[in-house]
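Here are some exercises to work through with the model open in your viewer. Try each task before you read the solution below it.

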Amino acid sequence: MKIYADEIKAMVERVDAKLTPKCRYDGFQPCEGIYRLGDYGYVTETEYDAAFEGEPYWARDAYMLEGNGVGHGRIARLYNDGDVEALSDYINERFDNDQMDDVFYTEATEEGEC
């Protein structure tokens with residue numbers, strides 16, 4: 001099943017609406033898993049996971065790519081040519097090339113900060 005750029009844009013808007021109000025820079029548990037969401041701040045892994053409930057199975061990878069500057073059209077082409085595996089491979093390639101600076105998984109410090 002193909003996806004289109006407008007579907008990716010709509011998914012990003014839905015997920016952003018759930019996550020953006022929860023963003024912060026501290027108040028996490030020591031060494032807790034967190035996701036950076038660009039200049040908005042960070043959310044817990046649990047909050048991040050919950051934002052994708054009800055979204056298509058390709059949404060997590062597409063969201064991460066879009067948050068790191070990959071266009072909706074490019075994401076759709078990657079998916080349509082190689083399914084989620086192509087999205088995941090492209091994420092790994094971009095991490096290897098230090099091109100995933102805005103949306104990514106990390107851990108809070110021992111003080112619960114970013």
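**Exercise 1. A bridge with two unlike ends**

Task: Classify Arg36 as buried or exposed, then do likewise for Asp39.

Solution: Keep in mind that this is a predicted model. Start with Arg36: its relative accessibility is 16%, and the cut-off for buried is under 20%, so Arg36 counts as buried. Now take Asp39, where the relative accessible area is 69%; exposed means over 50%, so Asp39 is exposed. Finally, put the two together: the side chains of Asp39 and Arg36 form a salt bridge, with 3.9 Å from N to O.

**Exercise 2. Get the overall picture**

Task: Which pattern of helices and strands does the chain follow along its sequence, and how does its radius of gyration sit against the globule rule?

Solution: Count the elements to begin with: there are four helices and three strands. Walking along the sequence, you meet them as α-β-β-α-α-α-β. Next, the radius of gyration is 14 Å, close to the 13 Å that the globule rule gives for 114 residues, so the chain is as compact as a globular protein of that length. The C-alpha trace spans about 45 × 30 × 20 Å along its principal axes. As for burial, 40% of the 114 residues count as buried. Take contacts between residues at least 6 apart in sequence, and 64% of them join residues at least 24 apart.

**Exercise 3. Charges and their partners**

Task: How many positive and negative side chains does the chain have, and how many salt bridges turn up in the whole structure?

Solution: The tally is 11 positive and 27 negative side chains, and the centres of the two sets lie 8 Å apart. A search of the whole structure gives five salt bridges. The Asp39 and Arg36 pair from the opening exercise is one such bridge, and the next two exercises look at others.

**Exercise 4. A bridge within a helix**

Task: Why could Lys9 and Glu13 be expected to sit about one helical turn apart?

Solution: Begin with the general geometry: an α-helix has 3.6 residues a turn, so residues three or four places apart point the same way. Then apply it here: Lys9 and Glu13 are four residues apart in helix H1 (residues 5–19), so about one helical turn separates them. Their side chains do meet, in a salt bridge of 3.4 Å from N to O. Check the surroundings last: Lys9 is partly exposed at 43% relative accessibility, and Glu13 is partly exposed too, at 46%.

**Exercise 5. A bridge across the sequence**

Task: Which parts of the chain does the salt bridge between Glu55 and Arg14 link?

Solution: First the bridge itself: the side chains of Glu55 and Arg14 meet at 2.6 Å, N to O. Now locate the partners, which are 41 residues apart: Glu55 is in the loop between helix H2 (45–51) and helix H3 (59–67), whereas Arg14 is in helix H1. Their burial can be read off as well. Glu55 is buried, with a relative accessible area of 13%, while Arg14 counts as partly exposed at 39%.

**Exercise 6. What H3 packs against**

Task: Which residues of H3 are buried, and what do they pack against?

Solution: Ala59, Asp61, Ala62, Tyr63, Met64 and Leu65 are the buried ones. They pack against H1, strand S1 (33–37), H2, helix H4 (72–96) and strand S3 (103–107). You can view the H1 side of this from Val12, which is found in that helix and is buried at 5% relative accessible area. Leaving out residues up to four places away in sequence, Val12 touches Tyr63 and Glu66. Just past the end of H3, Gly69 has a positive phi of about 90°.

**Exercise 7. Two strand residues in touch**

Task: Where is Ile34, and which residues does it touch beyond its sequence neighbours?

Solution: Ile34 belongs to strand S1 and counts as buried, at 0% relative accessibility. Setting aside residues up to four places away, its contacts include Thr44, Phe104, Tyr105 and Cys114. Now switch to Thr44, which lies in strand S2 (residues 42–44) and is buried at 7%. With neighbours within four places left aside, Thr44 contacts Arg24, Phe28, Glu32, Gly33 and Ile34.

How values were computed
Residues numbered from 1 in each chain as written. Predicted model: local features only at pLDDT ≥ 70, side-chain atom pairs only at ≥ 80, totals over all residues. Heavy atoms only, no water. Helix = DSSP H or I, 4+ residues; strand = E, 2+ residues; numbered from the N terminus. Rg over C-alpha atoms; globule rule 2.2 N^0.38 Å. Buried < 20%, exposed > 50% of the residue type's maximum accessible area, 1.4 Å probe, protein only. Contact = heavy atoms within 4.5 Å. Lys, Arg positive; Asp, Glu negative; His and termini not counted. Charge placed at Lys NZ, Arg CZ, Asp CG, Glu CD. Salt bridge = Lys/Arg side-chain N within 4 Å of Asp/Glu carboxyl O.
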